[in-house]
Amino acid sequence: LTAMLQGIGRTFIPVRNLALGAVVKVFLTYTLTVIPSINIKGAAISTVVAYAIAAILDLVNLVKITKVKLNHRDIFIKPLFSALIMAMVVRFSYTIFRNIIGGNLATLVAVGIGVILYAILLIITGSITPEDLAALPRGDRLAKKLEKFKIIK
């Protein structure tokens, strides 16, 4: 989103939005880290919130400036659904593998499963199109194979 805004000559907007996010980050970090049950996790939470604020403001500004119409279902709902399913499977697989192979290796295995599952879910939900795949190295070959097996349209 930042690159898009910069590409249309609105270079100050992303800077302003990130600055607003940084202000929120400082406030949240200070507020959350003093809560004993949250502690250092408050810094991570505040970072995520800060970048989310900057991204949302960038998106709002980009839509306002370009007047582009967004398909909310394809852009937000389908990837969110895929991410939620992936998160549940990653958590479940970590829990299972942690007792078998230990925490560190279980984390790597669970993340690997999550990456593969998320890619599959994005393809199944139609969030990734053949055009998107074609933009990847050797993606045109993959797109043709997936179209051949009627996995994507």
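1. The protein has a radius of gyration of 20 Å, whereas a compact globule of 153 residues would have one near 15 Å. Along the principal axes, the C-alpha trace spans about 50 × 50 × 25 Å. The coordinates discussed here belong to a predicted model.

2. On confidence, the mean pLDDT of the protein is 91, and 99% of the residues reach 70 or more. Among the elements, helix H2 (residues 12-33) has the highest mean pLDDT, 96, and helix H6 (residues 130-134) has the lowest, 81. A reader who looks at leucine 133 should keep the value for H6 in mind, as leucine 133 lies in that helix.

3. The secondary structure consists of 7 helices and 0 strands. Read along the sequence, the pattern is α-α-α-α-α-α-α.

4. Buried residues account for 22% of the 153 residues in the protein. The accessible surface comes to about 10,900 Å², and carbon and sulfur atoms hold 72% of that surface. If one takes the contacts between residues at least 6 apart in sequence, 50% of them join residues at least 24 apart.

5. The protein carries 18 positive and 6 negative charges, and the mean positions of the two sets are 8 Å apart.

6. Leucine 62 belongs to helix H3. Is leucine 62 buried or exposed? Leucine 62 counts as buried because its relative accessibility is 9%, and the cut-off for buried is under 20%. Its contacts, leaving out residues up to four places away in sequence, are Leu1, Met4, Leu5, Ile8 and Lys67. Leucine 1 is 61 residues from leucine 62 along the chain, yet their C-alpha atoms are separated by 7.5 Å.

7. Lysine 67, one of the residues touched by leucine 62, lies in the loop between helix H3 (41-66) and H4. Lysine 67 counts as exposed because its relative accessibility is 64%, and exposed means over 50%. Its phi is positive, about 60°, although lysine 67 is not a glycine. Most residues other than glycine have a negative phi.

8. Lysine 78 is found in helix H4 (residues 72-101). With a relative accessibility of 19%, lysine 78 counts as buried; the limit is under 20%. Beyond residues up to four places away in sequence, lysine 78 touches Arg73, Thr125 and Ser127.

9. Which residues does leucine 133 touch, not counting residues up to four places away in sequence? They are Ile128, Gly139, Asp140, Leu142, Ala143, Leu146 and Ile152. Leucine 133 counts as buried because its relative accessibility is 4%. Isoleucine 116 lies 17 residues from leucine 133 along the chain, and the C-alpha atoms of these two residues are separated by 15 Å.

10. Arginine 138 is in the loop between H6 and helix H7 (139-148). Arginine 138 has a relative accessible area of 65% and is therefore exposed. Like lysine 67, which has a positive phi of about 60°, arginine 138 has a positive phi of about 60° without being a glycine.

Conventions:
Residues numbered from 1 in each chain as written. Predicted model: local features only at pLDDT ≥ 70, side-chain atom pairs only at ≥ 80, totals over all residues. Heavy atoms only, no water. Helix = DSSP H or I, 4+ residues; strand = E, 2+ residues; numbered from the N terminus. Rg over C-alpha atoms; globule rule 2.2 N^0.38 Å. Buried < 20%, exposed > 50% of the residue type's maximum accessible area, 1.4 Å probe, protein only. Contact = heavy atoms within 4.5 Å. Areas by Shrake-Rupley, 256 points an atom, 1.4 Å probe, with all protein chains shown as cover. Lys, Arg positive; Asp, Glu negative; His and termini not counted. Charge placed at Lys NZ, Arg CZ, Asp CG, Glu CD. pLDDT = per-residue confidence, 0-100.
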